[in-house]
Amino acid sequence: MRSNVLGRVRPGFTLVELLVVIAVIGVLVALLLPAVQQVREAARRTECSNHSRQLSLGMMNYESSLKRLPTGWEVNNVTQPAAGPGWGWASFLLPFVEQQAMYDQIDRKISVDDHRHEDLLRELVPVFQCPSDPADNLLDLNEEVHGPHPPAPFMHDPVPPHEEHWIARSNYSGVFGSNEIEDSPLDGNGIFYGNSHLHLRDIVDGLSNTILIGERRNDYGHLAWAGVFPDVDEPFARVVGSADHAPNDPNGHFEDFRSFHPQGANFTFADGSTRMINETIDPTVFQALATRDGGEIIQLGD
């Protein structure tokens, strides 16, 4: 307590009281911050799931119009699967995800990495992006891929320096299958591989038991929605992914499916549905979901 010059008594805070108030505020902030972060991630997850649904709708409309699914990526010379033109499955979906103007700018007679497509490839397509991925919107595909604990590199031959390939970020890849992409880029046991032109009738395991598109993140290596760039590290795995490991497996590789969501990753199924597959799924079951004609009997719970 203290007195002013008129002799009146005016209450005030002591140092101890002030420290207690600050401590209480700090505890409240510490309690509220995780809750706020969880709410924000839930909103991002919902938006990501909506993007997956848009892709599934676009895929179904594409199949309905052309009576087949888009190719994994275009290959003119089967002896050189990365030679070009390389345009990938997502580029064919552009008219079916309200991006007709972008689609009309593509010259499919020339390679995806031709300099005449530079401006087009930098155009952001929100439906190809998950908001939970903190990566920049523009990424250079020339950077090498990394292992499960970035930046430790995989054991592969170093890639000689090439020109930069800047492209808008993507977070969704076609499902190559459960086999290794580099071993047989033109022969995946899933839906999307080089020069694949499958029909829904080719998915004999059942449309609701086969995944078409899965979620991936860009911190292990940058992805390309447009197609295969032949002079980058792991060119095929930039466009398609493999189900070698379960989603978000900490020991997974660059080509595996993973997200920044804490429980799993979003996937589009051949029947047009979109579901999050939990990271605790049995890897054998997950691999069976990635194949089109493996003959497995699968019961995927909610």
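The legends below accompany close-up views of a predicted model.

**View 1. Strands S3 and S4 pair in the antiparallel sense.** Strand S3 covers residues 73-75 and is joined to S4 over two bridges, and in S4 the bridge partner of Trp73 is Gly88. Along strand S4, residues 85-88, the side on which a residue points divides the strand into two pairs, with Pro85 and Trp87 pointing one way and Gly86 and Gly88 the other way. Despite pointing in opposite ways, these residues are all buried.

**View 2. A cis peptide bond joins Gly84 and Pro85.** The omega angle of this bond is about 5°, and Pro85, on its far side, is found in strand S4. The geometry deserves a close-up because most peptide bonds are trans. Pro85 is itself buried, and points the way that Trp87 does.

**View 3. The rings of Trp73 and Phe236 form a stacked pair.** Six aromatic pairs are counted in the model, and a pair of aromatic rings is described by the distance of the centres and the angle of the planes. For Trp73 and Phe236 the centres are 5.1 Å apart and the planes are at 20°, so the pair counts as stacked. Trp73 lies in strand S3, whereas Phe236 lies in the loop between strand S8 (211-215) and strand S9 (240-242), so the pair ties together parts that are 163 residues apart in sequence. Trp73 counts as buried because its relative accessibility is 0%, and Phe236 also counts as buried, at 6% relative accessibility.

**View 4. The rings of Phe257 and Phe267 form an edge-to-face pair.** Here the ring centres are 5.4 Å apart and the planes stand at 65°, so the pair is classed as edge-to-face. Phe257 belongs to the loop between S9 and strand S10 (264-269), while Phe267 is in strand S10 itself, and the two residues are ten residues apart. Phe257 and Phe267 are both buried, and ring pairs link them with Phe286 into a cluster.

**View 5. The charged ends of two arginines sit over phenylalanine rings.** The charged end of Arg108 sits over the ring of Phe92, at 4.1 Å from the ring centre. In the other case, the charged end of Arg216 sits over the ring of Phe254, where the distance to the ring centre is 4.9 Å.

**View 6. The sulfurs of Cys48 and Cys130 are 3.3 Å apart, and neither residue is in a disulfide.** A disulfide is a covalent bond between the sulfur atoms of two cysteines, and the count for this model comes to zero. For Cys48 the nearest cysteine sulfur is that of Cys130, at 3.3 Å, and for Cys130 it is in turn that of Cys48. Because the cut-off requires the sulfur atoms to be within 2.5 Å, a pair at this distance does not qualify. Cys48 counts as buried because its relative accessibility is 0%, and Cys130, with a relative accessible area of 2%, is likewise buried.

**View 7. Glu98 and Asn195 have positive phi values.** Most residues other than glycine have a negative phi. Glu98, with phi near 65°, is found in the loop between helix H2 (89-93) and helix H3 (100-104), and at 77% relative accessibility it counts as exposed. Asn195, with phi near 60°, lies in the loop between strand S7 (172-177) and S8, and its relative accessible area of 29% makes it partly exposed.

**View 8. Strands S10 and S11 run antiparallel and form a hairpin.** Five bridges join the two strands, and Asn266 stands opposite Met276 in S11. Four residues lie between the strands of the hairpin, where Gly272 takes a positive phi near 95°.

**View 9. Ala270 is buried in the loop between S10 and strand S11.** Strand S11 comprises residues 274-278, and the relative accessible area of Ala270 is 1%. Although Ala270 and Ile211 are 59 residues apart in sequence, their C-alpha atoms are 5.9 Å apart in space. With its neighbours within four places in sequence left aside, Ala270 is in contact with Met60, Leu200, Ile203, Leu207, Thr210 and Leu212.

Note on methods. Residues numbered from 1 in each chain as written. Predicted model: local features only at pLDDT ≥ 70, side-chain atom pairs only at ≥ 80, totals over all residues. Heavy atoms only, no water. Buried < 20%, exposed > 50% of the residue type's maximum accessible area, 1.4 Å probe, protein only. Pairing = 2+ DSSP bridges. Phe/Tyr/Trp six-rings, centres within 6.5 Å; stacked < 30°, edge-to-face > 60°. Lys NZ or Arg CZ within 6 Å of the ring centre and 35° of its normal. Contact = heavy atoms within 4.5 Å.
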